[in-house]
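Let's take a walk through this one together, starting from a single side chain and working outwards. Keep the structure open and follow along as we go.

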Amino acid sequence: MGYKNIIEILNNSGKNTTFLEIEGQKISYKDFSLNVRKLCGLFQNYGLKQGDKVVVATKTDYDTIVFFFSLLCYGITAVLTDINTNPQRAEAIIEQVEPSGFIVEEYLVDRWNINTTDKFFLILKDKPKKSALFRKLLGKKDPENSENSGTYPNIMDSLIPIESLPADINEETLAYILFTSGTTSDPKGVMISHKNLFSHLETLSKFYKLNSQANILNNLMLYHADGIIQGPVLAAYNGATLIRPIEQFDINKIGDLFNAIYKYRISHFFVVPTILSLMYKFSEGYEDSFITDDFKFIISVSAHIEKDLWEIFEKKFN
């Protein structure tokens, strides 16, 4: 049975069972919860409050997941943004959202012309910092030296986990804002409240018979709802395990997806029609991949699935 809110999820996640398996690395619920509580402590230290909005743009799956959960748990609205968003669109999103802070890759500060004045700011870095003199010669701002800033993951070592998460998050508080692709018009921010989110999780869990024994395979992009919500959030809601076996999908990784079904004892597979079509086309030798004691559902998301694809896929894979 799922939890009623995000606080219940974290308060019941002290177990050593696996929450995430990403590219072979296992992260337990216990370790994940510790990192979430550390980041919530950081938000508390910098005076962020329920209802504030924070833009998140990261290149690493685990980072995206841990920041998203941390913001949810503190009642802060997460605005997940693709790191490949062009500067004009990114600036328009930032102007529309009016965020109280940013959690972004270092190079995006200049690329997206982010003004860090009076904002909470956490830089994601994986290279040694250039010297202050070098930055000064280039005329660059150094947001790391601002009063409301830090660098990740270095900052994690010094953070103290928050003693208690907020006692109550108003169910009408926005959980997240995701912007549409904007293929036919300007992207629009889709606003989902905590009430919306947990109603959706409850529906999915009941319909697809999800529980703590489920192993969910979802390798979709995490800055889309189909990736972040029907992946790690849905897994945590049920105390289940999320598997992301490949870094990024391409046609050469189809065999890896088929193999993952058996290797990880997958019970639920979230996928888009385009990938289903490619799996059908390049399935020679993998026809029995879904015939296991554990497997229950393929859930096609994101776009309309054609009747013909549904029928030929069912026939081929039984």
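Start at C40, which is buried, with a relative accessible area of 0%. A cysteine tucked away like that invites a look for a partner. The closest cysteine sulfur belongs to C73, but at 5.4 Å from the sulfur of C40 it is too far for a bond. Bear in mind that this is a predicted model, so the cut-off is applied to computed positions: a disulfide needs the two sulfur atoms within 2.5 Å. Seen from the other side, C73 is in no disulfide either, and its nearest cysteine sulfur is that of C40. C73 is buried too, with 0% relative accessible area. As for the whole structure, the count of disulfides is 0.

Now slide over to S70, which touches C40. You'll find S70 in helix 3, the stretch that covers residues 61-73. Is S70 buried or exposed? With a relative accessibility of 0%, S70 counts as buried. So what does the side chain of this serine reach? It goes to the backbone oxygen of V66, at 2.6 Å. Setting aside residues up to four places away in sequence, S70 also touches N35, V36, L39 and F43, besides C40. Take V36 from that group: 34 residues separate it from S70 in sequence, yet the two C-alpha atoms are 4.9 Å apart in space.

Helix 3 has another job in our tour, as it leads to the largest pocket. That pocket has a volume of about 970 Å³. Its lining is made up of 38 residues, and the closest to the pocket centre are D61, M221, L222, R244 and E247. Which elements give two or more residues to the lining? They are strand 2 (25-28), strand 3 (53-57), helix 3 and strand 12 (268-271). Sorted by class, the lining has 20 nonpolar residues, with 11 polar and 7 charged ones.

Two of those central residues, D61 and R244, turn up again if you move to I22. This isoleucine is in strand 1, residues 18-22. I22 counts as buried because its relative accessibility is 9%, which is under the 20% cut-off. Leaving out neighbours within four places in sequence, I22 is in contact with D61, Y62, I65 and R244. The pairing with R244 spans a long way in sequence, 222 residues, while the C-alpha atoms of the two are 4.9 Å apart.

Next, jump to S289, which is in the loop between helix 10 (273-281) and strand 13 (297-300). S289 is buried, loop or not, with a relative accessible area of 9%. A polar atom of the S289 side chain lies 2.7 Å from the backbone oxygen of Y286. Away from its sequence neighbours within four places, S289 is in contact with F258 and I261.

Finally, zoom out to the whole chain. There are 11 helices and 13 strands. Of the 318 residues, 51% count as buried. Pairs like I22 and R244, 222 residues apart in sequence, make a handy lead-in to the contact figures. Among contacts in the chain with a separation of 6 or more, residues 24 or more positions apart account for 72%.

Methods. Residues are numbered from 1 along each chain as its sequence is written. This is a predicted model: local features need pLDDT of at least 70, side-chain atom pairs count only at pLDDT 80 or more; totals for chains, interfaces and linings use all residues. Side-chain values use heavy atoms; hydrogens and water are left out. Helices (H or I, at least four residues) and strands (E, at least two) are DSSP runs, numbered from the N terminus. Buried means under 20% relative accessible area, exposed over 50%, partly exposed in between (1.4 Å probe, protein chains only). Contact means heavy atoms within 4.5 Å. A polar contact is a pair of N or O atoms within 3.5 Å; within protein, one must be able to donate a hydrogen and the other to accept it, and residues adjacent in sequence count only if both atoms are side-chain atoms. On a 1 Å grid over the protein atoms alone, a cavity is a set of points where a 1.4 Å probe fits but cannot get out, and a pocket is an open set with protein on both sides within 12 Å along at least five of seven lines; lining residues have an atom within 4 Å of a point. Grid points are joined across faces, edges and corners, and a volume is the space filled by probe spheres set on the points. Ala, Val, Leu, Ile, Met, Phe, Trp, Tyr, Cys and Pro count as nonpolar, Asp, Glu, Lys and Arg as charged, and the others, Gly among them, as polar.
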